[in-house]
Amino acid sequence: MPDSVADLGTAGTAHLTGHRLTRQDVVDLIRRRRPGWSLESPFYNDEDLYRLDVEAIFGRHWFFVGSEPEIPEPGDYVTVEVGRWSVIVLRDDDGGVRAFHNVCRHRGSRLLSDKGGTVGNLVCPYHHWTYDTTGRLLFAESTGEGFDPSCFSLKQVHLRSISGLLFICLAPDPPEDIAEMAATVEPYLAPHALRDTKVAHQIDITEQGNWKLVMENNRECYHCGGHPELGASLFPTIGYRPEDIGPSRRAAYERFLKIDAEMTEIWEREGLPYRQVDRLIDRPTGFLVERTPLDKAGESMTRDAKAACKRLLGDFAQPRLGRQGLHMQPNNWNHLLGDHVVTFSVLPLTPTTSRLRTTWLVHKDAVEGVDYDVENLVSVWRATNAQDAAFVAEAQIGAASPAYEPGPYSPTESWVENFVTWYLQRLSAHLGA
Amino acid sequence: MPDSVADLGTAGTAHLTGHRLTRQDVVDLIRRRRPGWSLESPFYNDEDLYRLDVEAIFGRHWFFVGSEPEIPEPGDYVTVEVGRWSVIVLRDDDGGVRAFHNVCRHRGSRLLSDKGGTVGNLVCPYHHWTYDTTGRLLFAESTGEGFDPSCFSLKQVHLRSISGLLFICLAPDPPEDIAEMAATVEPYLAPHALRDTKVAHQIDITEQGNWKLVMENNRECYHCGGHPELGASLFPTIGYRPEDIGPSRRAAYERFLKIDAEMTEIWEREGLPYRQVDRLIDRPTGFLVERTPLDKAGESMTRDAKAACKRLLGDFAQPRLGRQGLHMQPNNWNHLLGDHVVTFSVLPLTPTTSRLRTTWLVHKDAVEGVDYDVENLVSVWRATNAQDAAFVAEAQIGAASPAYEPGPYSPTESWVENFVTWYLQRLSAHLGA
Amino acid sequence: MPDSVADLGTAGTAHLTGHRLTRQDVVDLIRRRRPGWSLESPFYNDEDLYRLDVEAIFGRHWFFVGSEPEIPEPGDYVTVEVGRWSVIVLRDDDGGVRAFHNVCRHRGSRLLSDKGGTVGNLVCPYHHWTYDTTGRLLFAESTGEGFDPSCFSLKQVHLRSISGLLFICLAPDPPEDIAEMAATVEPYLAPHALRDTKVAHQIDITEQGNWKLVMENNRECYHCGGHPELGASLFPTIGYRPEDIGPSRRAAYERFLKIDAEMTEIWEREGLPYRQVDRLIDRPTGFLVERTPLDKAGESMTRDAKAACKRLLGDFAQPRLGRQGLHMQPNNWNHLLGDHVVTFSVLPLTPTTSRLRTTWLVHKDAVEGVDYDVENLVSVWRATNAQDAAFVAEAQIGAASPAYEPGPYSPTESWVENFVTWYLQRLSAHLGA
């Protein structure tokens, strides 16, 4: 370690005195982490650790970028900005889904700057180099002798569609266990026929917190007392062991036991898989899939727990099917309901800010104003996201204090522990530690 | 020193080429400082030096955070943000004054986000961990087996009230010379009965300059030609030796000599201590206390130098008592008058920005609109602060230039020299140099 | 190289993992640059390389800061902010042109904060130290014994006026080849009598790109398809070799050949030098001077290619004189026309932002509203600058991607290659490589 001003500080104030973390510093931070306790401050504040996260987690793993209904027709695209990467996800002329780096092979100009849209070919705005929807360079003027267009195709990015959910990997050698995830979760997702849906609404918000705080917030319901709207449908005991049910959740848990029994009969009758499969840790592509009951009307995640869309998904005959959940590491969770689907993606923007995108999908034949009302469809998660954003912002500020030290997770925060464990496993693997 | 791009620059351009300062670099900067001359550019611009200031000065010394009248009742609190620290200063249920780190012991969320307010208990907004006003953890749900609440009290911060002025120290071992400061200054402050006052007004402004430039600006009247409103009451020769009085201040100085003689008789008669005690350097807790005359009506620091509040402080029978001053290192100065008190605190925000908080206190029984008019009370210092902010902003920009080199202080800037000397002494002590 | 997190990344992602570049890293980047291909990402994004640019290019070379018509009278000044330097360029009381560092010798306050204006003496706003227009300290109050004002003159900056175009050099030992540039270009510029002009309009815009991307954008017309307004006068084949003319420019090129022959006769008759002199590389002060024809009316760079000002420059009898161009490294280009002059300066603000200043000059006796209309005068370049700013912003974002790799310049981008070659030559010289 160089003789730097930082050396004067203790490890705990490394971020305060501006010491640049070395590989060994990060390895030490990982090694001394106490299982069941929150991470040390640098994981949420340090600039080097942030860049390492972007490179090691988002640069090497599969992560969620959207769903096929966002790009239904040939030429439809969405752009994804993560770290300094910009990626185009588009539907090619043959109806396939592809991803490219959003960088012209001439002088590097970004090709597409909008959040999404439709193109014929991909034409660079700067000097009009033109690529087809497979990334092949079709046209470039005045390129001089010996120029071989075939050497200047757009750079492809690995992409995988799982029942219509789109995941990309920026690494040349993506983790292969995505195949096992696909095989495992598709039977759970298939009945919701996600490829036959359309985007009803989409909201992006910028959260004032490190991306991991946004994920940790999603992975526990210990804070669900702060979500009155969500409480109408989601049981606040999700992730709880019976022995950890506190007085404030006792009544809800009793209802849960009763309704869970009813719903299990329904799922069995409808042939819907429901048993929880937990693969959140010990693998590059972590996920958890399960079907759970919902409270009250039990149909959907709305203010009255009733379906928000008359036109149900797939071949569903009735809406009371509970919630088909898929939680994925590092950046995604999804709620598939009888009448609609909500997908969530978290992307890092800076060490202390993140983008949360929420997308609501309904059956492609559903008619707005007739079958569904957007306000009713989105109001619960729009409110819940705002509440979570406030929690995350305060957690970010507090965890930045030199006085902050890791605290013990509640047993009810076991999925947070799983997220943190997965994250440290992946960082260790990347560092070869 | 590593073989870095910075090596190409001279020491003077180290901040330009982005070299990270080492401990030795800072020691060298301190050693080569020429007494009586301004500091080199990195002290006002370098990010490492800024972080070192926060750690070595604000992290290890007593500094001013407010006064008891800002938190009169049990549960009343103010929050203090300095560097990455967030601190709660509150009145406990027994009427005592305490300070805690504003960080939940669970996952580090900030407990209180407002500038100030009133609470019963301290309830974390995230998972509702609940602490009493002594910082003890009263309640936390679903914490599992073997959880011992007594291990998770809020972390205390050292706090000291001197005649109602509140000072905290973030270090585990605060400088003990605060006791000598208290014993020395309390006889001067006591007659103004600060604990019997209330907040009449408070203004926070963000200055576009390093915190030391804001302090240096406060420590000289060589620039007082730029303060027409303040000039109605404050003699512009404060800090001047007779031989340094220039033509522009000659007349004011003659008036000062005459009025000082009159006031000395009054202070003697009223039994008010007035002799200057200068302990600005050679100690961790530097201060200067003195009572000085005011110009014209001589009563208060207003546009006509007359009292702004009919209800006088303490047991004062008449308002013409001059100015009871207390200047404190590193971040505070105060003017105690016959009718009101003005306190000032400077806190670093970034290397090139600082927060100045100005608070006006009047007798707790004074009635707004009857005994005092807020506009008349605050107008001089609101205008003076704005003028100083402009001076500081230009000093910041100029001192950032690679062409800037330290210049000689005027003999009239001896308190600036004292501030800079104290600062370098404290930095040296911290660096063990 | 230290054992840093950055070591985990490849050179291409050095900026991603926050590694601080060493001198050797920069030397390696320069050495491995492939001639005819664009620069690697760190040159456009890395903070150390940015600071090195400011120090090595703007700190050691002559660069353009404005023209004499911007400061016609004694006491007139403009300020120039580059990197952390602030410079005053002013007309002294004897009518000469001088440059000083905008830093008071007392405590470093900036003396002048406006973009430009008029002063009698230079009076520091802080403590009123007063300098005359030659930089001599005239007055400072209360400076104490042994203070020698002659030791505290403002620091001079080297300045050179070439036919009224002003260039400064911040280094103590400016490159001497400015003399050769002056001798070479003055015969081309003189007929336009720039010292007899006045400022008709000036616009500053902030571009969202590294200063080199702004310059590279100026050095090629391969993108001129994106400039419909400019296309009315400027042939889009500028910088093209006949064999590189593509179908989209064929017709324009045919017109160019015909008009170039006509104009050459006119230039010969009028005794106007026109042959291109290319000294863009292999020297500290790179430049290219030439006179070229304009399309259509051929008179000026307006929407109809007709003169925008009735009062012509110098002794010109008729306006159809084409475009007298001067392109200068590192930061300037100029178009001198029969009726007006447009000057451009690029100054770095941050690694990813730059300031472009465009100034329109007309004969000093021309009367607005009678001889010229400002809207008509400025509309082409105002629109063209906005189009270029959009190109630069996309190039900046794309070149920041870890997926970006240098691409091949078109043969039509030979001046871009010259700019990049000059830049790397100067960086190498600075690094002693």
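Colleague: How far apart do the C-alpha centres of domain 1 of chain A and domain 2 of chain A lie?
Modeller: Keep in mind that this is a predicted model. Chain A is divided into domain 1 (6-60), domain 2 (63-161) and domain 3 (175-428). Between the C-alpha centres of domain 1 of chain A and domain 2 of chain A, the separation is 35 Å.

Colleague: Which kind of axis relates the copies, say chain A and chain B?
Modeller: In general, one copy of a chain is taken to another by a rotation about an axis and a shift along it. Here, a turn of 120° with a shift of 0.0 Å along the axis lays chain A on chain B, with an RMSD of 0.0 Å. That relation therefore belongs to a three-fold axis.

Colleague: And what rotation superposes chain C on chain B?
Modeller: For chain C and chain B, the RMSD after superposition is 0.0 Å. The shift along the axis is 0.0 Å, and the rotation is 120°.

Colleague: Do chain C and chain B meet through different surfaces or through shared ones, and what share of the interface residues of chain C are also interface residues in chain B?
Modeller: The copies meet through different surfaces, because few residues serve on both sides. The share of the interface residues of chain C that are also interface residues in chain B is only 3%.

Colleague: How much area do chain C and chain B bury between them?
Modeller: The contact draws 38 residues from chain C and 45 residues from chain B. Carbon and sulfur atoms hold 56% of the buried area. Between them, chain C and chain B bury about 3500 Å².

Colleague: Which residues in chain C lose the most area to chain B?
Modeller: Of the area that the chain C side buries, three residues together make up 24%. Those that lose the most area are Arg84(C), Arg107(C) and Tyr126(C).

Colleague: Which residue forms a salt bridge with Arg107(C)?
Modeller: Across the interface of chain C and chain B there are six salt bridges. In the one at Arg107(C), the closest N and O atoms are 3.0 Å apart, inside the 4 Å cut-off. The partner of Arg107(C) is Glu220(B).

Colleague: Which element gives the largest share of the side of chain C that touches chain B?
Modeller: Across this interface, 18 residue pairs are in polar contact, both at pLDDT 80 or more. Two or more residues each come from helix 1 (23-31), helix 3 (47-58), strand 3 (85-91) and helix 8 (414-431) of chain C. The largest share, five residues, comes from helix 3 of chain C.

Colleague: How many residues of chain B are in contact with chain A?
Modeller: Chain A and chain B bury about 3400 Å² between them, with 56% of it on carbon and sulfur atoms. Chain A brings 45 residues to this contact. On the side of chain B the count is 37 residues.

Colleague: Which residue of chain B pairs with Glu405(A) in a salt bridge?
Modeller: The interface of chain A and chain B holds seven salt bridges. In the one formed by Glu405(A), the closest N and O atoms come to 2.6 Å. The partner is Lys155(B).

Colleague: Which helix supplies the largest share of the side of chain A that touches chain B?
Modeller: Between chain A and chain B, 18 residue pairs are in polar contact (both at pLDDT 80 or more). Helix 5 (211-218) and helix 7 (374-399) of chain A each supply at least two residues to that side. The largest share, six residues, belongs to helix 7 of chain A.

Colleague: How many residues apart are Lys115(A) and Asp204(A)?
Modeller: Over all chains the salt bridges come to 95. In the one joining the side chains of Lys115(A) and Asp204(A), the N to O distance is 3.8 Å. Lys115(A) sits in the loop between strand 4 (97-101) and strand 5 (116-118) of chain A, and Asp204(A) in strand 11 (residues 197-207) of chain A. This pair links distant parts of the chain, and its residues are apart by 89 residues.

Colleague: Is the peptide bond from Gln329(B) to Pro330(B) cis or trans?
Modeller: Pro330(B) is found in the loop between strand 14 (323-328) and strand 15 (332-336) of chain B. With omega near 5°, the bond from Gln329(B) to Pro330(B) is cis.

Notes
Residues are numbered from 1 along each chain as its sequence is written. Chains are lettered from A and ligands numbered from 1 in the order in which they are written. This is a predicted model: local features need pLDDT of at least 70, side-chain atom pairs count only at pLDDT 80 or more; totals for chains, interfaces and linings use all residues. Side-chain values use heavy atoms; hydrogens and water are left out. Contact means heavy atoms within 4.5 Å. Buried area is the accessible area (1.4 Å probe) that two parts lose on being put together, summed over both. A polar contact is a pair of N or O atoms within 3.5 Å; within protein, one must be able to donate a hydrogen and the other to accept it, and residues adjacent in sequence count only if both atoms are side-chain atoms. Helices (H or I, at least four residues) and strands (E, at least two) are DSSP runs, numbered from the N terminus. Domain bounds come from an automatic or database domain assignment. Copies are superposed by least squares on the C-alpha atoms of residues with pLDDT of at least 70 in both.
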